[in-house]
Amino acid sequence: MATIIDMPKLSDTMEEGTIAKWNIKEGDKVEAGDIVAEVETDKATMDLEAFDPGTVLKILVEEGDSAPLGAKLVILGEEGEDISDLEGDGASAKESDGDKKEEKKPSEDKDESEEEESSEDTSEEADEKGADQKSDDGGRVKASPLAKKMAEEKGIDLSKVEGSGPQGRVIKADIENYKGEAAPAAAEKKDAADAKPEKSDAKEEKAEAPKPSVSGTSMREDEDLKVSQMRKTIAKRLAESKFTSPHFYETIDIDMKKAMAVRASLNEISDVKISFNDLVVKACAVALRRHPWLNASWKGDVVRLNGDVNIAIAVAVDEGLLTPVIRHTDQKGLRDISIETKDFAARARDKKLQPQDWEGSTFTISNLGMFGIEEFTAIINPPNAAILAVGAIRDVPVVEDGQVVPGKRMKVTLSSDHRVVDGAKAAEFLNTVRKLLEDPASMLL
Amino acid sequence: MAQKQFREVIRDAIAEEMERDENVFIMGEEVAEYNGAYKATQGLLDRFGEKRVIDTPISELGFSGLGVGAAMNGLRPIVEFMTFNFAVVGMDQLINNAAKIRHMSGGQVKIPIVFRGPNGSAGQLAATHSVAYESLYGHFPGLITIHPSDPYDAKGLLKAAIRDDNPVIFLESEQMYGMKQEVPDEEYLLPIGKAEVKREGSDVTIVADGKLYHVAKQAAEELSKDGVEVELINPRTIKPFDMETVIKSVKKTNRCVVVNESHPFAGVAAEVGFQIQREAFDYLDAPVQRVTIPDVPAPFSKKLFDAWLPSPKNVIDAVNTVTYRN
């Protein structure tokens, strides 16, 4: 009689384990208590013990591969035993630890009694049972198609809704009764508006805020504006970004005195006007080449360190905002960056940008300095791993050699996707940007 | 309006059409001298004579073929099967000739024929006399398949079927021949392929045809006492099937139970369930459920038969499943 060693739960938070090393191979005999493998959990590497003796008939997961809780790892038995019906889907097998089994029981019993009572066909119920079990895997949120659609329309994060259907399926009633945080999409929209004010948003705000009036009645009716395709896309992508990528923020203050002087002298000789933003773009491009982890994308199984440095510039237009991309930014001079940026801004306002103009970015810069915004945080523009929010250059008192003197400072805030970038990496990048802007001549190196 | 039995309105429909069009005639086993196995043709021989009311030998393949040939030559035959369980003997004529000749002749040859007779189970007639064929005939393109649930629908639809230029399979639920209903005295026809919303509701859609419509109706009445409002749809025609009415309803109620007397696999309920998920996926709050007879032949034993045929309780259970009430 064959027995199976499956992936045990080795820590409270463990969802899957990686076989760091097999101590056995097929054909080996093992005794109860033998350590058959080392399993890497999310916290540590632990020994995997055999509880039954037997010959190793089949190893179902290769060294280095991961498997979810309960997945079949090894089939033990007697030599020559037919195990073809046990092999099945090794790594994708359902979790089967003790607790879960007990939870499952009542519902299985129920299904059986239903089968006896109901004249409905049995094959259908079997199908349904199978489907239910499958969708239990991988922390997927179970929701009826209707509930999914309603949640999307209302901007409700399904994972926050408690489902009252079978095995926690979220259904229509759950969405209707959901009283959690105010619809995140709306909040998101506000965030987006904070980050990138646009004319249309300003209009909406005006519409929402009734002017004070003597009689106490509203001067203006509420107005529901139809959501444009662009705004829908912005809402969806930014919500996706904010809810799926764990953002963290780091702010640094940059002395812009030298940058201002350099810009002034450059503009004396340049045929196109170089802006502070152009300097920031150039500094970021140089810094990204030195810090590839900031020029990266989260791809689920892998982190992609992008080969090209393509910086997107957030441009506000009436309907929302666009992020045209300056390709190979690190290989371009300030003059080219300036010309391209101006061209993009003009074409964005005229709605002349093409999809290829905003695809393929590896990093994004959003600058609200011209609006006098001192500092702000931006939402990462997927699939980028980070975005830099640039504030205004302010006149501030600074202490130099024990004297308070006038200084020029600019705050920049980096939002990073913590799945890709760690705090120290982000800080190193920001320091490079700071050094480059505080001594612009170093960008020439 | 007069109260009429299902069998009487079938007879009236045939007689009215024979009166109206001399090309219409009826044949089958014992339709003439014996006045019909279920008395659906009672009195027709006396009224129309032996040239138009014809007794046939026990030879389904033979007289079905005779009917197809007559239709090809411009007559409008009505072929009665003593039960559709015997029609399987003549199946070649139904699905290879009647269903396909118009197609294979490029539309040149019409087949205005109606095959009619009792369908589905009656009490204790055992396995070979209890099959509900609507899923089978619905499968074949070229055949119109009608499965009415009451005398009013049966009369209007049978008259429309006799006037249609395509072969029609007209299934009469065997247990309903004695069912009475008020039927208008004046002539009326019902459109083929149009479902009827028999009862409006907001919580769940039930689609039920043939005699199981009445099972579903009883379930709906009981559920209503419990606060669950059923929207009950009777498709009336199996092919073409009025999906539009069903989809519209499912978009309103978000849940659906299909009740049908055929076997489940590849049956009417399977098809309706499939089409709902294709057309109304984003409106579903629960998987579509179906209530059918089980995937086994009919038992003879009374107790087993009662358990085999869907009951109002089965329908209520399915509704409780799709409304997450159990």
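Visitor: What makes strand β5 (residues 114-119) and strand β7 (residues 168-173) of chain B a pair, and in which sense do they run?

Guide: In this predicted model, six bridges join β5(B) to β7(B), and the two strands run parallel. Two strands pair if at least two bridges are found between them, so the six bridges here satisfy that criterion. Within this pairing, the bridge partner of Gly117(B) is Leu171(B) in β7(B).

Visitor: Why is the sheet of chain B with the order β3-β2-β4-β5-β7-β6-β12 called open?

Guide: The sheet has seven strands with mixed pairing. Its edges are formed by β3 (53-55) and β12 (237-239) of chain B, each with a single partner strand, so one side of each is left without a neighbour in the sheet. From one strand to the next, the twist averages 20 degrees.

Visitor: What makes helix α8 (residues 151-163) of chain B a helix that packs on the sheet?

Guide: Contact requires heavy atoms within 4.5 Å, and α8(B) touches β2, β4, β5, β6, β7 and β12 of chain B, while its direction makes about 160 degrees with that of β7(B).

Visitor: How do you know whether strand β8 (residues 72-77) of chain A is mostly covered or not?

Guide: A residue is buried when its relative accessible area is under 20%, and six of the six residues of β8(A) are buried, so the strand is described as mostly covered.

Visitor: Which strands pair with β8(A)?

Guide: Strand β1 (residues 3-6) of chain A pairs with β8(A) in the antiparallel sense over four bridges, with Ile4(A) opposite Ile75(A). Strand β6 (residues 54-59) of chain A also pairs with β8(A) in the antiparallel sense over four bridges, and there Val56(A) stands opposite Leu76(A).

Note on methods
Residues numbered from 1 in each chain as written. Chains lettered and ligands numbered in written order. Predicted model: local features only at pLDDT ≥ 70, side-chain atom pairs only at ≥ 80, totals over all residues. Heavy atoms only, no water. Buried < 20%, exposed > 50% of the residue type's maximum accessible area, 1.4 Å probe, protein only. Axes fitted to C-alpha atoms, helices over the stretch in contact; angles between N-to-C directions.
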